[in-house]
Amino acid sequence: MLKLKRYLLQYKKHLIIGPFFKWLEAVFELIIPLVMAQIIDVGIAAGDISYILKKGGIILALSFTGLCFSLICQYAASRASQGVGTLLRRDLYRHITRLSMPDIDRLGTSTLITRMTNDINQLQVAVAMLIRLVVRAPFLLIGAIVMAMIINVKTALIFIATALAVFAVMYLIMSRTVPYYRRNQSKLDKLSLLTAENLSGNRVVRAFSRQREEQDDFKEASEDYAESITAVGFISALLNPVTSALINLAIIAVIWFGGIQVNAGSLTQGEVIALINYMTQISLALVVVANLVVIFTKSAASAHRINELFETKPSVEDNNTNTHLIPVKGAPKISFVNAGITYEGNVAPSLSGLTIDIEKGETVGIIGGTGSGKTTIVNILARFYDATEGSVLIDGHPVKDYPVSQLRGKFGLVLQGTKLFHGSIKYNLTWGNPQADDNDVARAVEAAQASDFVYSKGLDDTVMQGGKNLSGGQNQRLAIARALIAKPEILVLDDSLSALDYRTDANLRKAIRGLDKSVTVIIVSQRANSIKYADKIIVMDKGKPVGIGKHEFLMRTCPVYKEIYDIQSGVTA
């Protein structure tokens, strides 16, 4: 948790004010039993009503003032805890957005969400308790023992023995519960994963009538989490009754020995009552300390998980210099030089031996079977992943030399699994270029063959999360229009025409080429007809390029391409 203290130090004023006023409240609370003893020994013993009322007024004043101090502390604790949570959540989210695709894949979305929500909430609770109770509880505990010793040293030994016994019980219980907390957070990650998968894949679950199986899986994970929580709860539940039993035994001992000393004349009845009050304060302070141990133990586990995330460095390092790279004169727009990549955890490369120059304004098609490495080419080009062999250059510079913002600014990407966001159609269209005017939107929508449904619905019509209120083809066309509005230098369509009919596909490709002759277009497709007229076609098979050239050349020289084209054209041997 110390690694996160920089957030807490931004609220130094609240860290001072809160504990100080809580300390004042505790001081007043320790004074009240002494005033009560005076009421009993003087006022009640003498039957002096005015004295009783006077001292009673002092108790009320002390209580009211303590309440005011407590409210000030509560305000400081709330401001600091919520502020720390806000800053931490902001920085953690910013850090997550800087992580590269391999890091997101490795960590998993569910654990990122859990750490952003549950773990940070746990730290907020710890900050609030730190300000409110860390000073008060120990001060009350020590103060009550000191006050008891002032009243009677022999009886105060009961207080010390009780405190030591309770601390021993707390240590035994906490030492057995601490290991559970991190495991519980991991099990909560699993629950989050199942929830996210089932909700996002709800249509698939229903399509295959897998509701019962998914419910059973969730029930199993939920019960496992519940059993773990119950186990730690069972152990923790022993704390309060054991503590209560020890305190009650101590109170009995105080009354017993106090009564003996009252008879001997070394204690007054009021002092015995004061000692009992102090013992009660000690019991409450010990319970608070026990709860603080639980809270800080959970928070330590959460802090470890958050620090682990902060310490995760992006595997794709950003060149954070302000250098704006200028295209090298005469260099191809895109160059792959023996480029390849082996994904983390894989033995065999997913792509290897790709060498090709793509000139500015060319249209390049990429085709191949499933898992042949088509999308991998896009991944290393846009630097979602770094090539592990060879090099990838844009405008004569290695992609690793570009600041990520400049590199990605060159692209208009329409990737597999089109993603739209909740908001209006216009909001989604101008995602990559918020300054786009209505003419830019109109041209892009028309080129993407989306005019029919966009203008019938209206630009202000709402798109549901993930574009669930639109068809697959409508989603793809909006995504293509969004990429065009960004006015990219390189337009990448990664299997993003699959939901379009052949006529719309052909019209869209024709419209794209008519927009700007300087735009380099890369089309990844399963359809040979979609890339038939490309300037260059890359044929992929098992992670390797097995043919590069125009359609006619590949039909003569590349069996893989010829087989794909013949099958899709209905030509049989």
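Which residue caps the N-terminal end of H15? In this predicted model, local features need pLDDT of at least 70 and side-chain atom pairs count only at pLDDT 80 or more, while totals for chains, interfaces and linings use all residues. Residues are numbered from 1 along each chain as its sequence is written, and side-chain values use heavy atoms, with hydrogens and water left out.

**Helix H15**

The cap is Asp437, with a side-chain oxygen 3.1 Å from the backbone nitrogen of Asn439. Helices (H or I, at least four residues) and strands (E, at least two) are DSSP runs, numbered from the N terminus. In H15, residues 438-447, the buried positions (under 20% relative accessible area, 1.4 Å probe, protein chains only) are Asp440, Val441, Ala444, Val445 and Ala447. Because they cover an arc of only 160° around the axis (directions from the helix axis to the C-beta atoms), they lie on the same side of H15. The face turned away from that side carries Asp438, Asn439 and Glu446, which are exposed (over 50%). The buried residues pack against four helices (contact: heavy atoms within 4.5 Å), listed below.

| Helix packed against H15 | Residues |
|---|---|
| H14 | 425-429 |
| H16 | 451-457 |
| H17 | 472-485 |
| H18 | 502-515 |

Just after H15, Gln449 takes a positive phi of about 60°.

**The sheet**

Four strands form an open sheet in the order S2-S1-S4-S5, with antiparallel pairing (at least two DSSP bridges between two strands). S2 (351-358) and S5 (397-398) are at the edges with a single partner strand each, so one side of each is left without a neighbour in the sheet. S1 (residues 334-341) pairs with S2 over five bridges, and Leu351 in S2 is the bridge partner of Ile341.

Methods:
A polar contact is a pair of N or O atoms within 3.5 Å; within protein, one must be able to donate a hydrogen and the other to accept it, and residues adjacent in sequence count only if both atoms are side-chain atoms.
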